[in-house]
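Please walk me through this structure, beginning with one pair of facing residues and moving outward from there.

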Amino acid sequence: MAETSREREGILARPATLPDDLLLEILARVPYRSLCRFRCVSPSWRALCSERGILRRSPQALSGFFCYTDDDLWDARFLNFPGGSGGRRPLVDPSLPFLRGAGYVHDFVLVDCCGGLLLCKFFTSPTPSSQLDNDYVVYNPATEEWTVLPRNEGLDPRNVIRLGFDPAAPSWFAVFVLLQDLDNDCELTGVEIYSSRTGLWTSRQTAGWSQQGTALEYHQDSVSVFLDGSLHLATDRSSIITVDMDGESLREFRRPYSGPGYIGQSQGRLHAIQIVQRNDDDDDDCCLLMVWVLQDYATGHWNLKHAANILELLGRQICKQVEEVYTLIAIHPERDLIFFIDEVEERLMSYDIDSQKLHVVYNKGEYYLLPYHPYTPCFAEWLPTR
């Protein structure tokens, strides 16, 4: 005789009869993605796996990417990894319903994502006409905690605005505004930093960077990395600049490649990645993926960590087009896993350095526009201000 749903629920609920301390200790070691699947078992499991104490201690993993669809900057999407939520709803609702319920009922723009926090610009008017018609909000979708930043003239969309947050030290975050001279090739003229620890903005000139005329690569779309308490950004002259959360230390050092590429952090180290296409009449075509890791900030020394021919991994010897384009979008924060978009086949792919294998994450039509913001849930407590 088949079991009834009530009988199955009773069987699956039996582990809850274990001593509380032991059960909580076991569940605290279960990855967050698995806890999400456990919630589907029964109401008792859903309540148990939603305990804040368990969630804060549960190992977190990269869950997906925030991005946009079509050319609509107001249409945010969360690209959840296949199977990442057990076939149920995504881990994050990109419409941010909690903030909508808190009064932000108009459009918003996702500005940046770092360490599980989102930096969003919410419009306070249905037809905003000035900077006074929007609020910048730092929001944690996992805990539904949020902070509204004090208004500042630097919070202008023509500047580069980035978030800095370390889940290992979750008591405070920083927001960086890289001021640009729009009349002089977007040269950086200064940095303004908001600290949640003080609740104040501070200003810093760019004299700490070695040369005048520094501008960011891709300007507003420049990729940023927050690592070791400092924000890292790539410049248009093959270097990387850094500024710490207090604005007390500004550095600049060379990156190991010129031209288009990607910088990111993985396993606590700064990585630089580039895909270079080479067409040679005498040899097979080559799309070379190269990965470097920074060894020393003081000397700016990089080591080549890995190199692979994407065409060989795809089982081909020639490019399908004269300009076969692969766009790097992320590196996994805890694994040697690199994500990129195959623009010809229109698919999002990952490459595992350890196994040296490619994997199709999403097929045609199932990925969206740059930039991609990697998201890892953070359940650490912090002290937001409204």
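Glycine 164 stands opposite alanine 174, a residue of β8, in a predicted model where local features need pLDDT of at least 70, side-chain atom pairs count only at pLDDT 80 or more, and totals for chains, interfaces and linings use all residues. Residues are numbered from 1 along each chain as its sequence is written, and side-chain values use heavy atoms, with hydrogens and water left out.

The strands β7 and β8 (residues 174-181) pair in the antiparallel sense over 5 bridges; strands are DSSP runs of E of at least two residues, numbered from the N terminus, and two of them pair if DSSP finds at least two bridges between them. Both belong to an open sheet of 4 strands, ordered β7-β8-β9-β10 with antiparallel pairing, in which β7 (160-164) and β10 (200-205) are the edge strands, each pairing on one side only.

The strand β8 also leads into the interior, for it gives the most to the largest nonpolar core, with 6 residues. Such a core is a set of buried Ala, Val, Leu, Ile, Met, Phe, Trp, Tyr and Cys residues joined through side-chain atoms within 4.5 Å, where buried means under 20% relative accessible area (1.4 Å probe, protein chains only). Of the 35 residues in this largest core, Leu119, Leu149, Phe173, Val175, Phe176 and Leu178 touch the most other members. At least two residues of this core come from each of several strands, including β3 (108-114), β9 (187-195) and β13 (239-244). A second, separate core has 31 residues, among them Leu79, Leu289, Leu348 and Val361.

Key:
Buried means under 20% relative accessible area, exposed over 50%, partly exposed in between (1.4 Å probe, protein chains only).
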